[in-house]
Amino acid sequence: MLRQKPKIVIIGAGIAGLTAAKTLYTITQKNSNELFDLCVVEGGNRIGGRILTSEFNGDQIELGATWIHGIEGNPIYKIAQEFNSFQSEKPWECKEGKLIDKSVSITEDGYQVNSSLVESISIFYNKMLKFCSGKGDFQDGICRQILESLNLENGNAKNISIGSFLKKGHEFFWDLKIDQENVQVFDNWSRKSLEEGVFAMFENINRHYSSADDLGTLDFNGESEYCNFHGDEMTIAKGYSSVIEALASVLPDGLIQLGRKVTKIEWQSDLILENDDGGAGTKPVKLHFSDGSVMYADHVIVTVSLGVLKKGIRDNSAMFSPQLPSFKTEAISRLGFGVVDKLFLKLTSPSTHDDNGMIFPYLQMVFHQLDSKLFHPKVPLWIRRTALIYPIYPNSSTIVSWFAGKEALEMESLDDEEIIDGVSTTMSFFLANSKQFKNNSDSAAESRVKFSNILRCKWGSNPLFLGSYTYIAVGSSGDDLDAMAEPLPKRISKNCPPLQILFAGEATHRSCYSTTHGAYLTGLREANRLLKHFQCVDDV
């Protein structure tokens with residue numbers, strides 16, 4: 001009688017799932033396909049997950065992951081190098097890197113902010129962020145004074161947020177220049193209100209980086225958990241999807257099954273044993289699909305997003321049966337998972353270049369913060385908490401802006417014409433005094449910036465993702481990320497097979513959460529966990 005090969009099913013064909021599949025398939029190939037019966041099931045109609053290279057306005061763009069965060073020892077960089085992905089004859093997003101050195105900061109009523117004022121706040125703000133990440137002190141211990149002040153207010157150092165730390169830092173910043181508070185800089189802008197607007201601009205940029213809708217929900221102590229690889233940050237000339245294609249290229253046709261959305265995972269808990277195997281012999285896991293079909297497995301690697309897991313434990317959707325143990329559901333609940341979207345627009349006017357050779361500036365937007373009476377009435381509220389809009393490379397007419405949190409979700413819900421009109425109107429007021437956009441008129445209404453087509457992400461409303469990436473929320477910690485990575489069942493017994501459900505994806509990596517390399521490393525980790533279980537090899 002032939003021995004039945006263990007069945008391994010990977011849920012999700014993002015970078016974590018494909019890495020696990022490639023690792024397991026490579027080993028089973030070396031053993032003449034005798035080790036595993038392996039497949040990947042993907043609910044969508046494509047592979048890649050939150051990596052999605054596309055084309056817009058003749059340019060290659062990234063709707064998902066964009067940057068390789070540090071190249072020294074980074075496995076994503078290594079894969080891209082091996083497949084010659086850094087060379088392309090076609091233009092691509094951020095092909096000349098970040099254009100921050102060409103940035104200009106302008107208020108919502110068209111006043112350009114002095115670069116020295118912006119730089120002074122930027123230095124202070126970034127040093128506070130550096131302190132949050134555990135990388136030092138500055139200015140005779142001001143950050144420590146800020147932290148001690150918050151500790152006194154809260155009674156202890158727990159549950160302090162990045163937002164509260166930055167707010168307190170802003171107060172300290174103003175204590176150093178209280179005599180300048182009411183100095184008028186522009187019409188309707190005092191020195192203090194202008195600096196509040198610039199501070200808020202940097203906070204909104206940080207919302208895009210962290211995915212937290214409100215920095216008041218971003219944990220101060222958890223910030224030091226995060227780390228990147230050293231070296232330059234880079235984009236990929238042939239697109240981030242080329243990394244996905246490289247991983248999938250070794251897998252045979254049919255191993256990845258598209259359009260196979262898992263709706264329920266039945267498993268044998270160490271607390272509740274199910275004796276009915278449904279005719280599947282000894283296989284302990286039963287997967288239910290949206291089309292009514294089922295599949296049995298010995299081991300399942302779950303790589304769905306934290307957003308999907310949150311929904312799975314929250315809405316009585318019975319994604320897992322029996323329910324996940326409390327240590328797992330509590331970690332899922334405590335961790336943060338935010339929405340970050342990019343909006344691409346085609347600029348139709350003007351066509352002239354500025355002194356930096358750009359037809360549109362790298363614009364940092366400064367909005368009024370406290371007095372709503374000063375809010376420009378024609379600027380939509382969903383735009384007021386974005387901070388950046390810029391061309392994807394200097395002479396490109398493809399313009400990109402970033403949205404986070406509630407504003408990202410609202411942007412996802414609007415029709416194209418409403419978005420085009422809102423951004424065109426807003427930019428016309430911001431750039432009213434720009435020579436490029438003036439039509440020989442003193443009227444901002446006639447200094448019209450015009451966009452036509454758009455393309456946007458919809459990560460928040462897409463049911464296969466329900467968000468973009470993970471952050472450590474107030475009340476959670478790196479321990480929750482470790483709990484996310486724990487396989488089930490936690491306790492092994494004679495009647496409860498081990499490693500039934502394994503978890504991979506960026507939300508399961510303690511220090512590299514929110515990144516593609518973190519997702520890659522977790523796929524490798526879970527594949528190696530199974531290989532060690534079957535005593536196949538040491539770490540691949």
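Let us begin in helix H13, which spans residues 516-533 and contains Thr-522. This is a predicted model, and in it Thr-522 is buried, because its relative accessible area is 0%, below the 20% cut-off for that class. What does the side chain of Thr-522 reach? The partner is the backbone nitrogen of Gly-505, at 2.8 Å. Leaving aside residues up to four places away in sequence, Thr-522 touches Ala-16, Ala-504, Gly-505, Thr-508 and His-509.

Some of these names come back when we turn to the enclosed spaces. Ala-504, Gly-505 and Thr-508 are among the residues that line the largest cavity, which has a volume of about 60 Å³. Its lining also includes Glu-506 and Ala-507, along with Arg-50, Met-484 and a group made up of Thr-303, Val-304, Ser-305, Leu-306 and Leu-309. Sorted by class, the lining of the largest cavity holds six nonpolar, four polar and two charged residues.

How many cavities of 30 Å³ or more are there? The count is three. The second largest cavity encloses about 50 Å³, and its lining has six nonpolar and three polar residues, with no charged ones. Helix H11 (416-430) and strand S20 (398-404) each supply at least two of these lining residues, and H11 gives the most, with three. Among the residues around this second largest cavity are Met-365, Ile-383, Phe-403, Val-423 and Met-427.

Next, consider an open space. The second largest pocket holds about 580 Å³. It is lined by 24 residues, and those closest to its centre are His-170, Glu-196, Ala-200, Glu-203 and Gln-369. Two elements give two or more residues to this lining, helix H5 (162-175) and helix H6 (191-210). H6 provides the largest share, seven residues. By class, the lining of the second largest pocket comprises ten charged, eight nonpolar and six polar residues.

Our last stop is an open sheet of four strands, ordered S13-S12-S11-S15 and mixed in its pairing. Strand S13 (294-297) and strand S15 (320-321) stand at the edges with a single partner strand each, so one side of each has no neighbour in the sheet. Strands of a sheet pair through backbone hydrogen bonds, in either a parallel or an antiparallel sense. For strand S11 (residues 262-266) and strand S12 (residues 285-289), the sense is antiparallel, over four bridges. To follow that pairing residue by residue, you could start at Lys-264, whose bridge partner in S12 is His-288.

Terms used
Residues are numbered from 1 along each chain as its sequence is written. This is a predicted model: local features need pLDDT of at least 70, side-chain atom pairs count only at pLDDT 80 or more; totals for chains, interfaces and linings use all residues. Side-chain values use heavy atoms; hydrogens and water are left out. On a 1 Å grid over the protein atoms alone, a cavity is a set of points where a 1.4 Å probe fits but cannot get out, and a pocket is an open set with protein on both sides within 12 Å along at least five of seven lines; lining residues have an atom within 4 Å of a point. Grid points are joined across faces, edges and corners, and a volume is the space filled by probe spheres set on the points. Ala, Val, Leu, Ile, Met, Phe, Trp, Tyr, Cys and Pro count as nonpolar, Asp, Glu, Lys and Arg as charged, and the others, Gly among them, as polar. Two strands pair if DSSP finds at least two bridges between them. Buried means under 20% relative accessible area, exposed over 50%, partly exposed in between (1.4 Å probe, protein chains only). A polar contact is a pair of N or O atoms within 3.5 Å; within protein, one must be able to donate a hydrogen and the other to accept it, and residues adjacent in sequence count only if both atoms are side-chain atoms. Contact means heavy atoms within 4.5 Å.
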